[in-house]
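Student: I'm new to this structure and would like a close look at one part of it. Could you take me through the cysteines and what surrounds them?

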Amino acid sequence: MQWHSKMWALHKHKLSIFKLGVMILATTLALRVFLYHNSSRFPPDSTFFQRITSIQSRSSSSLSELIDGSDSSSSDSGISDQIPIKREKCGDLFNGDWIPNPAGPAYINETCNFIEEHQNCMKNGRPDSEYLYWRWSPKNCELPQFNAMTFLEMMENKTWAFIGDSISRNHVQSLICMLSKVEEAELFYHDEGYKSKGWRFPSYNVTVYVIWSPFLTDATIYEDINGISTQDLELHLDRLDKKWTDLYKNLDYMIFSSGKWFLKPGIYYENETVLGCHKCQKNLTDLSLEFAYRKTLQLVFNFVATSDHKGLIFYRTLTPDHFEGGEWSSGGKCNRTVPFKDGEVEMKYMQKMLRQIELEEFEKAVARASENGVQLRLLDLMKLSLLRPDGHPGPYRQHYPFALDENAQVQYDCLHWCLPGPIDAWNDVIMEMIVNG
């Protein structure tokens with residue numbers, strides 16, 4: 001009798017688990033139908049969703065394993081996702097592939113008020129949505145997706161700064177959108193042109209800055225919002241930009257980046273004396289952009305490596321553009337709608353050259369930084385980004401560019417990233433580096 005009682009109790013336990021699992025699956029399917037039938041951005045009958053149906057169906061196998069009492073990797077799901085779980089380190093976060101992600105983006109434009117118009121591809125009428133349904137998967141590693149609550153709790157009373165050009169501004173918008181799912185960010189600072197900004201998450205006392213410093217050194221730029229210059233820029237190769245050096249000691253986490261702006265014509269100075277120029281309009285000594293970029297990185301890395309900073313500092317490698325058939329101002333376009341697979345695309349010559357300088361100078365600096373107790377890390381997002389030609393605004397940097405004329409000649413943006421979009425995965429990588437070091 002006692003044996004039968006135990007078996008009945010075990011049967012009831014399994015039956016309860018089965019019912020719970022069925023309820024979860026039913027609820028998920030109901031939500032999916034509701035969301036997709038009420039939004040033209042996420043059509044359930046698209047060919048893309050037909051291709052990933054098999055991936056979704058495999059998730060049901062974990063339920064049968066649980067009912068049968070077998071071990072399952074999903075057993076950790078009962079642990080609160082608000083607690084960072086230290087797992088085995090990923091060997092290499094920066095090599096891998098983009099794989100289908102049926103869950104879709106962490107936010108959409110309607111749930112985030114911090115997306116600049118030029119990156120708001122949904123609002124601007126981009127008709128396809130497949131670019132939203134991919135996630136970065138490093139080789140031989142399961143990369144968790146960004147958890148906003150965990151991040152804010154870990155960063156309580158800390159200050160972040162993204163220091164660089166418009167790609168840094170693009171990135172900080174992604175992070176703010178993700179964090180604002182937990183608490184709305186409060187803008188407390190901006191410069192006159194709204195290029196540098198500061199936000200706070202008051203409940204956690206977390207501060208996030210974006211500091212506009214495209215060269216990281218002191219520069220005078222004569223350019224409007226559309227990139228039209230009235231004269232050559234002036235760059236001081238021996239003087240860092242005080243916009244970030246004045247804040248440096250008060251920053252707990254920093255992400256530096258540069259590169260793109262060095263392609264522009266400019267006059268180079270050292271000790272208040274003209275050294276020469278790159279593609280300038282004056283009769284000066286011709287100096288290469290490689291010369292200027294290396295000198296700049298040496299100056300930045302020397303400042304960082306010899307400082308007494310005790311926080312965590314990332315240097316992000318430059319990321320690629322995907323212009324085809326021209327460049328920014330010469331008719332270049334980007335009309336691809338799916339990622340490249342690993343090995344299908346190569347970096348352009350200029351990207352390779354600048355990247356090589358970055359890697360060489362970083363390698364020299366990281367050794368000096370380590371000797372001084374400075375935590376300097378490489379955030380190598382080049383390859384991850386190279387595989388996503390589908391993630392740029394393209395013509396949808398403007399609001400409905402083809403509304404009046406389907407053959408309209410418009411400028412394409414194949415450099416910045418749609419929000420939401422591939423750039424959101426950068427935060428997955430950063431959080432993994434922070435949690436698992």
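Tutor: Let's begin at C112, which counts as buried because its relative accessibility is 5%, and buried means under 20%. Please keep in mind that this is a predicted model. The partner of C112 is C177, and a disulfide joins the two, with 2.0 Å from S to S. About the S-S bond of C112 and C177 the torsion is about -80°, so this disulfide is left-handed. The pair brings together distant parts of the chain: C112 sits in the loop between β1 (96-100) and β2 (134-138), while C177 belongs to helix α6 (residues 166-179), 65 residues apart. C177 is also buried, since its relative accessible area is 1%.

Now stay in that loop and look for C121. This cysteine forms a disulfide with C418, again with an S to S distance of 2.0 Å. The link of C121 and C418 is left-handed, with -90° about the S-S bond. It too spans distant parts of the chain, from C121 in the loop between β1 and β2 to C418 in the loop between α10 (382-386) and α11 (424-436), 297 residues apart. C121 has a relative accessible area of 0%, so this cysteine is buried. C418 counts as buried as well, because its relative accessibility is 0%.

From C418, move along to C414, which forms a disulfide with C334, their sulfur atoms 2.1 Å apart. The torsion about this S-S bond is about -90°, so the link between C334 and C414 is left-handed. C334 lies in the loop between β12 (312-316) and α9 (349-371), and C414 in the loop between α10 and α11, so the disulfide ties together parts that are 80 residues apart in sequence. Both C334 and C414 are buried. The pairs described here are among the four disulfides found in a search of the whole structure.

Next, look at the strands on either side of the loop that holds C112 and C121. β1 and β2 run antiparallel and are joined by five bridges. One of the pairings to look for is D97 with S137 of β2. How enclosed is β2? Five of its five residues are buried, so β2 is largely enclosed by the rest of the structure. Its two faces are both covered: W134, W136 and P138 are buried on one side, and R135 and S137 on the other.

There are charged pairs to find too. Side chains of opposite charge can pair when their charged atoms come close. R126 and D128 form a salt bridge, with 2.8 Å between the closest N and O atoms. R126 counts as buried because its relative accessibility is 11%, whereas D128, at 23%, counts as partly exposed.

Finally, the loop that holds C334 also takes part in a salt bridge, between D321 and K260, whose closest N and O atoms are 3.8 Å apart. D321 is in the loop between β12 and α9, and K260 is in the loop between β9 (253-256) and β10 (266-270), so far along the chain that they are 61 residues apart.

Definitions and conventions: Residues numbered from 1 in each chain as written. Predicted model: local features only at pLDDT ≥ 70, side-chain atom pairs only at ≥ 80, totals over all residues. Heavy atoms only, no water. Disulfide = S-S within 2.5 Å. Helix = DSSP H or I, 4+ residues; strand = E, 2+ residues; numbered from the N terminus. Buried < 20%, exposed > 50% of the residue type's maximum accessible area, 1.4 Å probe, protein only. Pairing = 2+ DSSP bridges. Salt bridge = Lys/Arg side-chain N within 4 Å of Asp/Glu carboxyl O.
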